[in-house]
Amino acid sequence: MRLEVFDTAEAAAAAAAARLAACLGARPSAVLGLATGATMEPVYAALRRRLREERLSLAQATSFNIDEYLGLGADDPQSYRATMNRLLFDDVDLPAARAHLPDGLAEDPEAEARRYEAAIAAAGGLDLQLLGLGRNGHVGFNEPGSPADSRTRVVALSAATREANARHFPAGAAVPSHAITLGIATLMEARALLMVVTGAAKRAPLARLLEGPPAPDCPASLLAGHPDFTVLADRAAAG
Ligand code: GLP
């Protein structure tokens, strides 16, 4: 695991965008693993700028988001599909048919999870997976207790995560209780992992990730043995 610390969250986001752009520059047909969360907003803003400035295209690329709430569809502004449309997809030339997220409205969510895992494999696997870090050490929606051998599946969200994410929902609206997330074993198969960690609220989970030991109480720490894992942090998170 390699840690890079930046003075500001914007600088960490710019570095993440640079890495994504470099991946696309080297391989225009790259398969990108994407993520949502407040941390990713400046990352996608910087990426949109970079793609414009460097005239890079996503026309041959493919993306798979790491997670989606169950019960929310594209029409729901809080779904990760709608969020990705707003933050990135509406503004870039990534073909809609290759911008994948789990279907939060699938009739059989377990089958949808299996389909999604198979679709990633069929696309040749993830070249670069972008990751955020939950305040309780979750990654995607792999909550504490998630096993190292977990695959894409339906998960119940912890009270802590639902509380942390309530800020993205209108006042009084319930945060969904379940989600589909890529598993830890699925993430370990990505060829490279790029985690962005910003803000003082992430200091404790980042310290736990960096100091170890890898254990399911901090799911992100289970990724520590990945051979190509970069963490981009700001000073507020790195301490
Ligand atoms: C959310 C998402 C994660 C994200 C994390 C951090 O629950 N499911 O994919 O990385 O929490 O979010 P934020 O960047 O808003 O702190």
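In the predicted model, a nitrogen atom of the ligand is placed 3.3 Å from an N or O atom in the side chain of Tyr80. Oxygen atoms of the ligand also have polar partners in the protein: a backbone N or O atom of Ala38 lies 2.8 Å from a ligand oxygen, and an N or O atom in the side chain of Lys202 is found 2.7 Å from an oxygen atom of the ligand. Of the 390 Å² of accessible area that the ligand has on its own, the protein covers 96%.

The ligand is surrounded by 15 residues, of which Ala38, Thr39, Asp67, Asn165 and Lys202 are the closest. Classified by residue type, this shell comprises eight polar, four nonpolar and three charged residues. The space that the ligand takes up corresponds to the largest pocket of the structure.

Aromatic contacts were examined separately, and a search of the whole structure returned five aromatic pairs. One of them is formed by Tyr69 and Phe141, whose rings are tilted, with a centre-to-centre distance of 5.4 Å and an angle of 50 degrees between the planes. This pair connects distant parts of the chain, the two residues being 72 residues apart: Tyr69 belongs to strand E4 (residues 67–69), whereas Phe141 is located in the loop between strand E6 (128–131) and strand E7 (153–156). Asp67, which is among the residues closest to the ligand, has a position number that falls within the range given for strand E4, residues 67–69.

Conventions: Residues numbered from 1 in each chain as written. Predicted model: local features only at pLDDT ≥ 70, side-chain atom pairs only at ≥ 80, totals over all residues. Heavy atoms only, no water. Near = heavy atom within 4 Å. Polar contact = N/O pair within 3.5 Å; in protein donor to acceptor, adjacent residues only side chain to side chain. Areas by Shrake-Rupley, 256 points an atom, 1.4 Å probe, with all protein chains shown as cover. 1 Å grid on protein atoms, 1.4 Å probe; cavity = no way out; pocket = protein on both sides within 12 Å on 5 of 7 lines; lining within 4 Å. Sits in = over half its atoms within 2 Å of the grid points. Nonpolar A, V, L, I, M, F, W, Y, C, P; charged D, E, K, R; others polar. Phe/Tyr/Trp six-rings, centres within 6.5 Å; stacked < 30°, edge-to-face > 60°. Helix = DSSP H or I, 4+ residues; strand = E, 2+ residues; numbered from the N terminus.
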